[in-house]
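Student: I should like to study one part of this protein closely. Would you please take me through it step by step, and then set it within the chain as a whole?

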Amino acid sequence: MINGEARGEPYTGKVAVAAVIMNRLKSPLFPNTLKEVIMQPYAFTCVQDGQIYLTPDVECYRAALDAVMGYDPTGGCLFYYNPRTATSRWMKERKAASSVVIGNHVFMK
């Protein structure tokens with residue numbers, strides 16, 4: 001998942017993507033299991049286009065572990081998108097209470 005969504009991003013950006021997944025697991029707005037959060041229809045582009053199945057590198061595994069251990073550079077965000085590549089009008093028009101930019105992604109609560 002991290003490789004498919006954040007390949008080419010700085011390490012903090014990879015952790016941030018993983019943290020969003022962890023934040024969704026904790027939120028009543030999303031499914032209750034890791035698999036359901038990741039595979040939720042239309043939630044993540046890499047699932048839709050098959051990039052989720054690319055082999056992750058060691059840095060992706062380390063980023064996942066850091067997020068599981070509680071490192072969250074997003075401060076609790078539930079959403080993210082890359083403004084240069086996003087095609088979802090919903091994400092681009094979403095009014096977030098707060099957001100943070102990490103690498104090429106905008107993370108929002």
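**A loop serine and its surroundings**

Tutor: A polar atom of the side chain of Ser-27 lies 3.1 Å from the backbone nitrogen of Leu-29. The model in which this pair is found is a predicted one. Ser-27 belongs to the loop between helix H2 (11-26) and helix H3 (34-39). The relative accessible area of Ser-27 is 10%, and because buried means under 20%, the residue counts as buried.

The next loop offers a contrast. Tyr-42 is placed in the loop between H3 and helix H4 (45-48). With a relative accessible area of 70%, Tyr-42 is exposed, whereas Ser-27 is buried. The backbone of Tyr-42 also deserves attention: its phi is positive, at about 65°, although the residue is not a glycine. Most residues other than glycine have a negative phi.

Helix H2 (11-26), which comes before the loop of Ser-27, leads to another contact. The ring of Tyr-11 has the charged end of Arg-62 over it, 4.2 Å from the ring centre.

Aromatic rings also meet one another in this model. The count comes to three aromatic pairs. One of them joins Tyr-80 and Phe-107, whose ring centres are 5.4 Å apart and whose planes make an angle of 35°, a tilted arrangement. This pair links distant parts of the chain, for Tyr-80 lies in strand E1 (residues 79-81) and Phe-107 in strand E3 (residues 105-108), 27 residues apart. Both partners are buried: Tyr-80 has a relative accessibility of 10%, and Phe-107 has a relative accessible area of 0%. Together with Phe-44, Tyr-80 and Phe-107 form one aromatic cluster.

These details may now be set within the whole chain. The protein chain holds six helices and three strands. Read from the N terminus, the order of its elements is α-α-α-α-α-β-α-β-β. The chain has 109 residues, of which 41% count as buried; Ser-27, Tyr-80 and Phe-107 are buried residues. Among contacts with a separation of 6 or more, 62% are between residues 24 or more positions apart. The accessible surface of the chain comes to about 6,500 Å², and carbon and sulfur atoms account for 56% of that area.

Note on methods:
Residues numbered from 1 in each chain as written. Predicted model: local features only at pLDDT ≥ 70, side-chain atom pairs only at ≥ 80, totals over all residues. Heavy atoms only, no water. Helix = DSSP H or I, 4+ residues; strand = E, 2+ residues; numbered from the N terminus. Buried < 20%, exposed > 50% of the residue type's maximum accessible area, 1.4 Å probe, protein only. Contact = heavy atoms within 4.5 Å. Areas by Shrake-Rupley, 256 points an atom, 1.4 Å probe, with all protein chains shown as cover. Phe/Tyr/Trp six-rings, centres within 6.5 Å; stacked < 30°, edge-to-face > 60°. Lys NZ or Arg CZ within 6 Å of the ring centre and 35° of its normal. Polar contact = N/O pair within 3.5 Å; in protein donor to acceptor, adjacent residues only side chain to side chain.
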